[in-house]
Amino acid sequence: MSVLINASNLHTGGGLQVGISFLYEASRLNSRDLGLLNVVVSNEVHEGLTQIGVNMAIFGSYEIIDTFGFEALYSKLNHKVKEYELVFTIFGPNYLRVKAKKEIVGFAQLWILNFDNPISQKMSFLSRHVLRTKFYIQWLFFLRADHYVVELEHVKKGLIQSKGIDAEKVSVVYNTVSSLYLDKSKWKSINIEKGTEEISLGIVTRDYPHKNIGILPAVGQILESKYNLKVHFYTTLNELEWSARDDFFKMYVSTVGSLSPEQCPSFYQQIDGVVFPSLLECFSATPLEAMVMTKPLFASDRGFVRDVCAEYALYFDPLDANDIAHKIARYFNTGSNRTEHLEKAKNHALNFSSARSRAEKYLEVIQEQMKG
């Protein structure tokens, strides 16, 4: 068996965390088959694995190669894939010029399945056309895959119904919170400089349009004027993303900067709740992370949240700042003890899936595809 795990294109966000978690859990399985796995990682994945003490020598080979989007067409990794019977790219698309004999690709690009959404509908004709072209090209690269791995059933259904992909070519492997949330010894502390607000809400996010964080200052303003609640929102935007935001946004929202996975639990510890106004996801670990950290979760009333959180989130219309403010105010003004509910939410999140079972299922898919 000659298998390559490709994590060369994971640099930020949830994909980076999944890549680190998968390789960490795989290294702990004590399986003789691990010596048959060859691994290529980005510098960011390597740094994350190093910080949590992963023994890279357990894999057949281990190399650091960075690929970025279409630049992968010219990466030296193109010469390496020829050596392998199967390549598993944890999250695609795989932009390598050379195709392996068999390719498994993680699919988590809901824009390809649902382009006509509230975000694209607000765009100018030109911007919409450019973006549609971008995702069309991405799909052409996804089409080269022999098998797809998705994180929830609704994504598999979308690939089958919207793109005509054979159901046998799609495996569902649930995402989960990283096991580091269960091991406080691996947590790294950060210091959030808070203001005089009564309530602090936060979200671990990049400033992607579908994350919909632009609605937060309007929510903060309504909470202050209508409900007499001083609420401030904390994000993890990087310097470039933060500099692009206007003064009104910065009145109600702050950033602590980009965080490593090991710093995220400390971020959650220091806030009073998590707000998740996303409009479009295949899957996000943020709701599960909020519940595992026993924080109230205010989240979009969308299938991709309800499928994961069931009755344990406080749902709102993500396009309606008044509704978001109302749900937040109602929660904090009630004053009842919700410890039992938060503990039930935590247990639900822990039982949804585990990092270990995800790693095992990834490896099962690889083994099945090698046999097939």
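## Helix α5

At 1.5 Å a residue, the 18 residues of helix α5 (residues 125–142) should span 26 Å, and the C-alpha atoms at its ends are indeed 26 Å apart, which agrees. The model in which this helix is found is a predicted one.

The buried residues of α5 are L131, F135, Q138, W139, F141 and F142. Viewed down the axis of α5, the buried residues fall within an arc of 155 degrees, so they line one face of the helix. The face turned away from that buried side carries F125, L126 and Y136, which are exposed. The cover over the buried residues of α5 includes two strands, β5 (102–106) and β6 (147–150), together with two helices, α4 (110–113) and α6 (153–163).

## S171 in strand β7

S171 is located in strand β7, which runs over residues 170–172. Its relative accessible area is 13%. Buried means under 20%, so at 13% S171 is buried.

With neighbours within four places in sequence set aside, S171 is in contact with H147, Y148, V149, V150 and V365. Strand β6 (147–150), part of what covers the buried residues of α5, takes in H147, Y148, V149 and V150, which are among the contacts of S171.

## I271 in a loop

I271 sits in the loop that lies between α10 (264–269) and β11 (273–276). The relative accessibility of I271 is 1%, and I271 therefore counts as buried.

Not counting residues up to four places away in sequence, I271 touches I192, K194, S200, G202 and K295. The separation between I271 and K122 is 149 residues in sequence and 32 Å in space, taken from C-alpha to C-alpha.

## The internal cavity

Rolling a probe the size of a water molecule over the atoms shows where empty space is left. How many cavities of 30 Å³ or more does a search of the whole structure find? The search finds one. The volume of the largest cavity is about 40 Å³.

The residues that line the largest cavity are F276, E281, F283, S284, P287, F304, V305 and V308. Helix α12 (residues 303–309) supplies the largest share of this lining, with three residues. Sorted by class, the lining has six nonpolar residues, one polar residue and one charged residue. The charged residue in the lining is E281, and the polar residue is S284.

Methods. Residues numbered from 1 in each chain as written. Predicted model: local features only at pLDDT ≥ 70, side-chain atom pairs only at ≥ 80, totals over all residues. Heavy atoms only, no water. Helix = DSSP H or I, 4+ residues; strand = E, 2+ residues; numbered from the N terminus. Expected span 1.5 Å × (residues − 1). Buried < 20%, exposed > 50% of the residue type's maximum accessible area, 1.4 Å probe, protein only. Arc of directions from axis to C-beta. Contact = heavy atoms within 4.5 Å. 1 Å grid on protein atoms, 1.4 Å probe; cavity = no way out; pocket = protein on both sides within 12 Å on 5 of 7 lines; lining within 4 Å. Points joined across faces, edges and corners; volume = space filled by probe spheres on them.
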